[in-house]
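Work through these exercises with the structure open beside you. Try each task before you read its solution.

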Amino acid sequence: MEENNIIDISENIKNEIKSNDVVLFMKGTPVFPMCGFSAAVIKVLSDLNIKFNSVNVLDSDEMREGIKKFSNWPTIPQLYVKEEFIGGCDIVKEMHETGELTKLLSSRGIDVKPS
Amino acid sequence: MPLSKEDLEKYIKNSIPDSIITIEDLRGDGDHYSATVISKSFEGKTKVQQHKMVYDSLEGKMGNELHALMLKTKTE
């Protein structure tokens with residue numbers, strides 16, 4: 001039973017990152033982030049005016065645990081670009097500071113408009 | 001149960017022996033740390049792989065006993 005849930009959720013995750021170029025798995029929503037780390041990534045994405053989809057992991061325990069298993073990464077938030085796991089809050093923030101994030105996004109054909 | 005700064009350092013050091021570790025207890029509650037880990041063994045690895053090495057050293061504590069660890073990894 002539990003095993004089945006994990007399989008279902010990983011299918012959901014796959015669909016989500018396949019149908020959206022940029023996906024942020026986070027706690028809360030972009031307007032009301034429920035955790036400082038999630039808020040920090042939202043800030044980076046808004047600074048760059050990036051269109052993204054967000055998934056609130058607090059909506060379901062399956063998703064909250066499922067995404068950690070799926071990415072083999074112990075924390076949330078998690079940023080995906082074109083089905084590739086980019087990193088959590090620390091990595092995204094660091095890549096933003098060094099300009100690497102803009103480079104990566106542009107190289108993947110994502111529109112970046114730093115404000 | 002929170003994890004002490006000394007234990008946190010011990011776990012990372014055990015797993016990445018050449019690492020130079022600086023840890024700050026951000027709120028003094030043993031649950032919110034900021035750590036910088038410098039190791040030659042990070043060379044040639046992506047940031048995700050580098051952070052993963054540190055998380056792995058904590059043997060599943062990250063995201064469980066340890067709520068918040070702001071992490072910076074460097075090769076020198």
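**Exercise 1. Follow the chain between two paired strands.**
Find how E1(A) and E2(A) run relative to each other, and trace the path between them.

*Solution.* Keep in mind that this is a predicted model.
Step 1. Look at the pairing. E1(A) and E2(A) run parallel and are joined by four bridges.
Step 2. Trace the path. From E1(A) the chain passes through helix H2 (residues 36-47) of chain A and arrives at E2(A). This β-α-β crossover is right-handed.
Step 3. Pick out one facing pair. Leu24(A) has Ser54(A) of E2(A) opposite.

**Exercise 2. Place E1(A) in its sheet.**
State the strand order of the open sheet in chain A, then describe how E1(A) pairs with E3(A).

*Solution.*
Step 1. Read the order. The four strands are arranged E2-E1-E3-E4 (chain A), and the pairing is mixed.
Step 2. Name the edges. Strand E2 (53-56) and E4 of chain A each pair on one side only.
Step 3. Add the twist. On average, neighbouring strands of this sheet are turned by 25° against each other, direction ignored.
Step 4. Turn to E3. Strand E1 (residues 22-26) and strand E3 (residues 78-81) of chain A run antiparallel, with four bridges between them.
Step 5. Find facing residues. In E3(A), Leu79(A) stands opposite Leu24(A), and Tyr80(A) is the bridge partner of Val23(A).

**Exercise 3. Judge how enclosed a strand is.**
Is E1(A) largely enclosed or open, and which way do its residues point?

*Solution.*
Step 1. Recall the cut-off. A residue is buried if 20 or more other C-beta atoms lie within 10 Å of its own.
Step 2. Apply the count. Five of the five residues of E1(A) are buried, so the strand is largely enclosed by the rest of the structure.
Step 3. Sort the directions. Val22(A), Leu24(A) and Met26(A) point one way, while Val23(A) and Phe25(A) point the other way.
Step 4. Recall the rule. In a regular strand, side chains alternate between the two faces of the sheet.

**Exercise 4. Classify a helix pair.**
How are H4(A) and H5(A) oriented, and which residues make their contact?

*Solution.*
Step 1. Take the geometry. H4(A) and helix H5 (residues 100-107) of chain A pack at about 90°, and their axes are 5 Å apart.
Step 2. Classify. At that angle, H4(A) is roughly perpendicular to H5(A).
Step 3. List the contact. H4(A) gives Val92(A), Met95(A), His96(A) and Thr98(A), and H5(A) gives Glu100(A), Leu101(A) and Leu104(A).
Step 4. Sort by class. The contact has four nonpolar, two polar and one charged residues.

**Exercise 5. Move to chain B.**
Describe the open sheet of chain B and the surroundings of Leu58(B).

*Solution.*
Step 1. Read the order. Three strands lie in the order E1-E2-E3 (chain B), with mixed pairing.
Step 2. Check one pair. Strand E2 (residues 32-38) of chain B and E3(B) are parallel over seven bridges. There, Thr36(B) stands opposite Lys72(B) in E3(B).
Step 3. Locate Leu58(B). Leu58(B) sits in the loop between helix H2 (47-57) and strand E3 (68-74) of chain B.
Step 4. Decide on burial. Leu58(B) has 20 other C-beta atoms within 10 Å, so it is buried.
Step 5. Find its partners. Leaving aside neighbours within four places in sequence, Leu58(B) is in contact with Tyr11(B) and Leu66(B).

**Exercise 6. Describe where the chains meet.**
How many residues does each chain give to the contact?

*Solution.*
Step 1. Count. Chain A gives seven residues and chain B nine residues.
Step 2. Find the elements. On the side of chain A, strand E4 (84-87) and helix H4 (89-98) each supply at least two residues.
Step 3. Sort by class. The residues on that side of chain A are three nonpolar, two polar and two charged.

Notes: Residues are numbered from 1 along each chain as its sequence is written. Chains are lettered from A and ligands numbered from 1 in the order in which they are written. This is a predicted model: local features need pLDDT of at least 70, side-chain atom pairs count only at pLDDT 80 or more; totals for chains, interfaces and linings use all residues. Two residues are in contact if their C-beta atoms, placed from the backbone, lie within 7 Å. Ala, Val, Leu, Ile, Met, Phe, Trp, Tyr, Cys and Pro count as nonpolar, Asp, Glu, Lys and Arg as charged, and the others, Gly among them, as polar. Two strands pair if DSSP finds at least two bridges between them. Axes are lines fitted to C-alpha atoms, for helices over the stretch in contact, and angles run from 0 to 180 degrees between N-to-C directions. A residue is buried if 20 or more other C-beta atoms lie within 10 Å of its own, exposed if 12 or fewer, and partly exposed in between; C-beta atoms are placed from the backbone. A crossover is right-handed if, with the strands pointing away from the viewer, the path from the first strand over the helix to the second runs clockwise. Angles under 35 degrees count as roughly parallel, over 145 as roughly antiparallel, 65 to 115 as roughly perpendicular and the rest as oblique.
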